[in-house]
Amino acid sequence: MRWIWIDRFLEFHRGKSARAIKSLSMAEDYFGDHFPGYPVMPGTLILEGLAQTGGVLVGEVNDFHEKVVLAKIPWARFYREALPGEQLIYDAEVLHLRPEGAVVGGKVTVDDELIAEAEVFFAFLDKSSSPQAFGDQNFVFSGELKHLLGLVKVLADRTG
Amino acid sequence: MPNQEEIYSKVSATLMEALNVDEEEIKPTSTLQGDLGAESIDFLDIVFRLEREFGIKIPRGELFPESIFQGDPEFVQNGKVTEKGLSELRARMPYADLREFEKNPEIRAISDLFTVDMITRYIQGKLGEPSNN
């Protein structure tokens, strides 16, 4: 399964903030069931996109050596549903960053209208748990999440 | 420097946010895990919030020492903290109230040391340090 809930980064300011875009396509599987005849993006997936935006933002600070996991969402608010055909803009801002973890504040907008916001708390597994409890392999940034930043560079080169 | 009452009320507000509890649930003697339902990840969240709220730095493991004894038999025997373990606790957590714990120092009761009062005293001590003024 492709578990990637942002399409591309639009802005990336190391250790500070990031902006990503997610276009909602009717072809996405979940719209068939959530809900039949009334397709809306599940709030949990909206949060996942926000967590991926923020997770890459804080993971990049240590060149993706840390295993960054979503530990907790202290609060989240949803203002309206997100529908197929819409483009979500994820804005994530680092509120707190330490060796053991980070807190990111996030907003989700569609055409400048705030549709959801949340605080996302990340733990860095090796620094917040017993050393090596989770092994050497970084299963968080093993593939596509890390490649998203590569895509930003490709596009930046093209547009100069 | 804020007085103890002001610190306590800020600590309470911090715990309300971090643990999603109501104000009336929080008492000075409330234990974070037993009474307020804190889980391990919440401790890091609480530390972050306290740092922001009070503008202080809380070094890792200072407020909530992790696995203090690491199963060391000098400190823990038969599920109880030894005399040596108790003096280690006093040294590592001078802001904790050990009086009740000392009567029956079972290792599994150690989480009861983490109370709202304990955090308040810790912050009070921290704000009194010259580097934080």
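How many bridges pair β3(A) and β6(A), and in which sense? The two strands pair over eight bridges, in the antiparallel sense. Let us build up the picture around them.

This is a predicted model, in which local features need pLDDT of at least 70 and side-chain atom pairs count only at pLDDT 80 or more, while totals for chains, interfaces and linings use all residues. Residues are numbered from 1 along each chain as its sequence is written, and chains are lettered from A and ligands numbered from 1 in the order in which they are written. The pLDDT is the predictor's confidence in each residue, from 0 to 100. Chain B averages a pLDDT of 91, and 98% of its residues score at least 70. The model scores ipTM 0.79 and pTM 0.85.

**The sheet of chain A**

Helices (H or I, at least four residues) and strands (E, at least two) are DSSP runs, numbered from the N terminus. Two strands pair if DSSP finds at least two bridges between them. Strands of a sheet pair through backbone hydrogen bonds, either parallel or antiparallel. In chain A, six strands make an open sheet in the order β1-β2-β4-β5-β6-β3, with antiparallel pairing. At its edges are β1 (8-13) and β3 (68-78) of chain A, each of which pairs on one side only. Neighbouring strands of this sheet are turned by 20° against each other on average, direction ignored.

Strand β5 (residues 101-110) of chain A is joined to strand β6 (residues 113-124) of chain A by ten bridges, and the two run antiparallel. Here are some residues and the partners they face in β6(A).

| Residue | Partner in β6(A) |
|---|---|
| Arg77(A) | Glu117(A) |
| Gly106(A) | Ala118(A) |
| Thr109(A) | Leu114(A) |

β5(A) and β6(A) also form a hairpin with two residues between them. Which residue in the turn has a positive phi? Asp111(A) does, with a phi of about 50°, although Asp111(A) is not a glycine.

**Helices across the sheet**

Axes are lines fitted to C-alpha atoms, for helices over the stretch in contact, and angles run from 0 to 180 degrees between N-to-C directions. Two residues are in contact if their C-beta atoms, placed from the backbone, lie within 7 Å. Helix α2 (residues 43-61) of chain A lies across β2 (17-23), β3, β4 (87-98), β5 and β6 of chain A, and runs at about 45° to β4(A). Helix α2 (residues 40-54) of chain B lies across β3, β4, β5 and β6 of chain A, running at about 65° to β3(A).

The expected span of a helix is 1.5 Å times one less than its number of residues. For the 19 residues of α2(A), that gives 27 Å, which agrees with the 28 Å between its end C-alpha atoms. Just after α2(A), Asp63(A) takes a positive phi of about 50°. Before the helix, Phe35(A) lies in the loop between α1 (30-33) and α2 of chain A. The peptide bond from His34(A) to Phe35(A) is cis, with omega near -5°. Most residues other than glycine have a negative phi, and most peptide bonds are trans.

**Where the chains meet**

Ten residues of chain A are in contact with eight residues of chain B. On the chain A side, β3, β5 and β6 each give two or more residues, and β3(A) provides the largest share, three residues. By class, this side of chain A has five nonpolar, three polar and two charged residues. In this grouping, Ala, Val, Leu, Ile, Met, Phe, Trp, Tyr, Cys and Pro count as nonpolar, Asp, Glu, Lys and Arg as charged, and the others, Gly among them, as polar.

**The domains of chain B**

Chain B is divided into domain 1 (1-64 + 114-133) and domain 2 (67-111), with bounds from an automatic or database domain assignment. Their centres, taken over C-alpha atoms, are separated by 21 Å. The contact takes nine residues from domain 1 of chain B and four residues from domain 2 of chain B.
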